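Student: I've got the model loaded and I'd like to poke at it with you. Can we go through it piece by piece?

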Amino acid sequence: MESSAADARDNIRSRCRLRTVSRVLVVLVPAAALGGCAGGVLQPKGPIGAANAKILLDAVGIMSVIVVPTIVGLVAIGWWFRASNTRARYQPRFVYSGRLEIIVWSIPLLVIMFLGGLTWIGSHELDPFVPIASNAKDPPLEVQVISLDWKWLFIYPQQRVASVNELVIPAGTPVHFFLTSASVMNQFFVPQLGSMIATMNGMQTQLHLQADRPGSYYGLSAQFSGDGFSGMHFTVRAVSQDDFEHWVAATQQSGGPVLDRNGYFDLLRESCDVKPFTYHSADPALFAAIVKRNLPPGPGPYVGRAGPGVRPIGCG
Amino acid sequence: MLGKLTLNAIPFDQPIPLIAGGLVFLVLIAVIAWVVIRGHLPYLWHEWITSVDHKRIGVMYTLLGLVMLLRGFIDAIMIRSQQALAFHAPGYLPPEHYDQVFSAHGTIMIFFAAMPLMIGLMNFAVPLQLGVRDVAFPTFNSTSFWLTATGALLVNLSLVIGEFSRAMWLPYPPLSEYRYSPDVGVDYYLWALQIAGVGTLLTGINFVTTILKIRAPGMSYLRMPVFCWTALAANLLIIAAFPVLTATLAMLLLDRYLGFHFFTNSGGGNMMMFVNLIWAWGHPEVYILVLPAFGIFSEVIATFSGKPLFGYRSMVAATMGICLISFLVWLHHFFTMGAGGDVNAVFGIATAIIAVPTGVKIFNWMFTMYGGRIRFTTPMLWALGFTVTFVIGGMTGVLVSVPPADFMVHNSLFLVAHFHNVIIGGVLFGAFAGVTYWFPKAFGFRLHEGWGKAAFWLSLAGFYITFVPLYAVGLLGMTRRLQTYDVAEWRPWVLAAGVGILVLCGALACQIMQFIVSIRQRELLRDLTGDPWNGRSLEWSTASPPPAFNFAVLPNVEGEEPYWEIKRRAIETQQLTAEPDYKPIEMPRNSPTGFITAFFCTITGFALIWHIWWMVGLGLFGAYVVFVWFAWRDREEHVIPAEDVAEADRARRRVRAQWLAQNEREEWLAAHAEVSEPA
């Protein structure tokens, strides 16, 4: 009870800090003028997203120290030394200064060294393959993610259920994703939860994310994957642990389809704007078979016909 | 007989490409008809198409770049308007068309707009700045241009015959493999780039040879103008990087045509190899484009500040530093492929290191302006707009080089805004600065300042109104290449970007007006001196437009700013140098080799795209015959008699004598002397 209250306080504090930094940004970079936006990467709802956003804002802050004066200097010097300004001193022989050279080389170098440290530490701590340090007693939830033409399949190997275009996770519990692709490359991306990661056929990537509180988060593909790409978005529903267990039980008992090899082959064909649905039973060995290429990759649009104007089947 | 080509290839059911293609076709026919009827064909053939003069080729490259820029911009308008309309709605471009539009936009802008603009300006200015008569291999140069034009032609042909690639401007497999893209779109892309890529490689060889081996007497490496240094760096990069592109695309072609498995999903292929290889070319390519632009800005800022460039050696070191490091950073284009902390960190830091020499350049431009007497002409405005815009683009660039930050914005519209920030703010502004700066040298009259300035201010405003919202919407999680979307928070930003593109349309209209008005008022804008900007390097020492042989006598270079030195000495001694002893000059003969080779390459490319094998054979045979025929030629050069040289140069000397008479010695020296006390 106490710890959760402290957590909430910490959360609020870190959120406020982000707010303050982004307020500063509003002045520095008009692009960050995001006021009360919802759903962006600067409004993270989980530890990975918050850490990434912090690094992003820190980097902007560090660079602003040099970038803002430079811009001001360029404009001011450009204006002051205009030909019509009789008060400006004309110095055509000012073409070299060893001292200035040392300064102009060392300032960017120092900034980059500082930023390099940030990069080194951040790259290791926030490597998508690295598990989230968590004191939660529950082990991380495992989810296998498969990108297909053009929808997302989520298999819960421990629960033996699966869903399409909707991902339900327990809030406060780290989720360990294993990802691959059934056909072309995609990127799994939930902006508010944090890092994105590529999905590639014949390969497995990993990602650790966590939603701190229940809520609905927008997820999408960040890698163009063909004509149905725009429809490849999904909702992440973070729910309480109890609700998650209820959802699993309800899905298992529902009369939905079964995800076995045949069910997978049905799903493998190209289709667009697929409405979310669930499988009441899923084969947990499917994922490994796809990664090892024991199952054929997605068939693409109409094999055998190669004329112009090839259009995907099953899409508008 | 015609391979895959049937009447179905013409998109009768798609009005937009059909009408667009039809219009382009009609305009083309009209232009050709006008040329033929007015009897301009012999002039065009002898003076331009078969010309091996680097200045003419430079002008043609620049023109090709500007026309393709227009085409790419129309694609940009379509992308922005589709997204503006596509909130909870299909918009007006179906996916299979929209995907072609953004693929074509990227391909055309990089390969057929930005590259020809930069290569065109290098072609025009580098030999003049080096004080020589032509590039090392003039016929090669003509061939390069026509092969690039072939690529552009093939890309545009896809509008009406078949379709263009739907697999992005860099065709990532397996999407671009035959299994997922069985149509001819990717083939159009691949063959257009293979043919144009050969042309670009030839350009690289040509310019590196020219800069290393052919310079005016006394022009040591450290007396070359900075633009020549950046041209050297860019062409070294071309030589090193373009073979990688050719090989990578060749592997994809083998996959598609002969069933190889370099990058396929089956048979042990690995698409990550393609992604690595294509960016091993792709990142240096960015610097191939922007380094010459840096060179242009160095020339422009020094000239219009009335000062030599600050920290010349530092600039040279920074240029060559960027040239080297640009090969060590390619992995930052795919941090999210999961390479792990060590790899990501190394490439992230390597990327950030490029910001050091780039930052040095910015500071040196700043100090060049410091103590100057700045004239805000159109080229100078482009240069100033560039410095501020590029600093912002550089900052967002370093930002995405930090892997954890990149994990949040990779492939988002933030990234799109970043690279437009550096490519528009850097390369395009540089091209416009270069075009307005060297236009009077090429044609003997200036471009209209009023329209030029209007174009600049609208471009600057339009750029920010378009791309600042894209930065913002990228931070809201909107990814690139979406044909429709349903997130309400994104909409205002997407609409704002749509307004920006309208402002950019205004800028474009001003650019076109600038050319029209300038040509109509050319007598008013005429420059007889050959030195309209009070320039400092050798290209301003000859007449405008320069004679075919550039310089009657090769100049003797004794410092970093040879022409400034010549002017100063003329003022001080109150006389021009003694009239030289004119000799006949040998110049390379015009040759249709490039044009005819490119003609056969067009046939070959088209036939390969549509699998018309007999025509492939014909095209290759034709190209080979042209090569043999060219190799067997026995007359390579023609001689310009000494009298003609003397006549041209005496006219120039009369103009310079007038200039000398108009400038009082004391006045001139006082105007250009160091001011010790504020006036």
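Tutor: Sure, and one definition up front: a residue is buried if 20 or more other C-beta atoms lie within 10 Å of its own, and exposed if 12 or fewer do. Keep in mind that this is a predicted model.

Student: Let's use that right away. Does B:Met168 count as buried or exposed?

Tutor: B:Met168 lies in the loop between α5 and α6 of chain B. The cut-off for burial is 20 C-beta atoms within 10 Å. B:Met168 has 20 C-beta neighbours inside 10 Å, so it counts as buried.

Student: And what is the phi of B:Met168?

Tutor: Most residues other than glycine have a negative phi. B:Met168 isn't a glycine, yet its phi is positive, at about 75°.

Student: Chain A has a residue like that too, A:Asn165. Where does A:Asn165 sit?

Tutor: A:Asn165 also has a positive phi without being a glycine, with a value near 60°. With 20 C-beta neighbours inside 10 Å, A:Asn165 counts as buried. Its place is the loop between β3 (161-164) and β4 of chain A.

Student: What about the peptide bonds: which residue does a cis bond join to A:Asp149?

Tutor: Most peptide bonds are trans. Here omega is about -10°, and the bond is cis. The partner is found in the loop between β1 (141-148) and β2 (151-156) of chain A. The residue joined to A:Asp149 is A:Trp150.

Student: Which loop of chain B holds B:Pro174?

Tutor: B:Pro174 is joined to B:Pro173 by a cis peptide bond, with omega about 0°. For B:Pro174, the loop is the one between α5 (138-157) and α6 (185-213) of chain B.

Student: On to the sheet in chain A. What is the strand order in the open sheet of 5 strands?

Tutor: Start from the edges: β4 (166-170) and β7 (194-199) of chain A each have a single partner strand, so one side of each is left without a neighbour in the sheet. The twist averages 20° from one strand to the next. Pairing is mixed, and the order is β4-β10-β9-β6-β7.

Student: How many bridges join β4(A) to β10(A)?

Tutor: Strand β10 covers residues 233-239 of chain A, and it pairs with β4(A) in the parallel sense. One place to look is A:Glu166, which stands opposite A:Thr235 in β10(A). Helix α4 (residues 241-253) of chain A lies across these two strands, running at about 135° to β4(A). As for the bridges between β4(A) and β10(A), there are 5.

Student: At the other edge, how many residues of β7(A) are buried?

Tutor: β7(A) runs antiparallel to strand β6 (residues 186-190) of chain A, with 4 bridges joining them. A hairpin of 3 residues links the two, and A:Val190 has A:Gly194 in β7(A) as its bridge partner. β7(A) is largely enclosed by the rest of the structure, because its buried residues number 6 of the 6.

Student: Zooming out, which helix of chain A gives the largest share of the side of domain 1 that touches domain 2?

Tutor: Chain A is divided into domain 1 (2-125) and domain 2 (141-291). Their contact takes 12 residues from domain 1 and 14 residues from domain 2. On the domain 1 side, the largest share is 4 residues, and it comes from helix α2 (residues 47-80) of chain A.

Student: Now the two chains together. Which element of chain B gives the most to the side that touches chain A?

Tutor: The contact takes 93 residues from each of chain B and chain A. By class, the chain B side has 53 nonpolar, 27 polar and 13 charged residues. The element giving the most, with 17 residues, is α10(B).

Student: Last one: which element gives the most to the largest nonpolar core?

Tutor: In soluble globular proteins, nonpolar side chains tend to be buried together. The largest nonpolar core here has 290 residues, and those with the most contacts inside it are B:Ala114, B:Met118 and B:Phe297. B:Met118 touches residues including B:Leu289, B:Val427 and B:Ala431. The element that gives the most to the largest core, with 22 residues, is α4(B).

Methods
Residues are numbered from 1 along each chain as its sequence is written. Chains are lettered from A and ligands numbered from 1 in the order in which they are written. This is a predicted model: local features need pLDDT of at least 70, side-chain atom pairs count only at pLDDT 80 or more; totals for chains, interfaces and linings use all residues. Two residues are in contact if their C-beta atoms, placed from the backbone, lie within 7 Å. Ala, Val, Leu, Ile, Met, Phe, Trp, Tyr, Cys and Pro count as nonpolar, Asp, Glu, Lys and Arg as charged, and the others, Gly among them, as polar. Two strands pair if DSSP finds at least two bridges between them. Axes are lines fitted to C-alpha atoms, for helices over the stretch in contact, and angles run from 0 to 180 degrees between N-to-C directions. Domain bounds come from an automatic or database domain assignment. A nonpolar core is a set of buried Ala, Val, Leu, Ile, Met, Phe, Trp, Tyr and Cys residues joined through C-beta atoms within 7 Å. Lists of a residue's contacts leave out its neighbours within four places in sequence.
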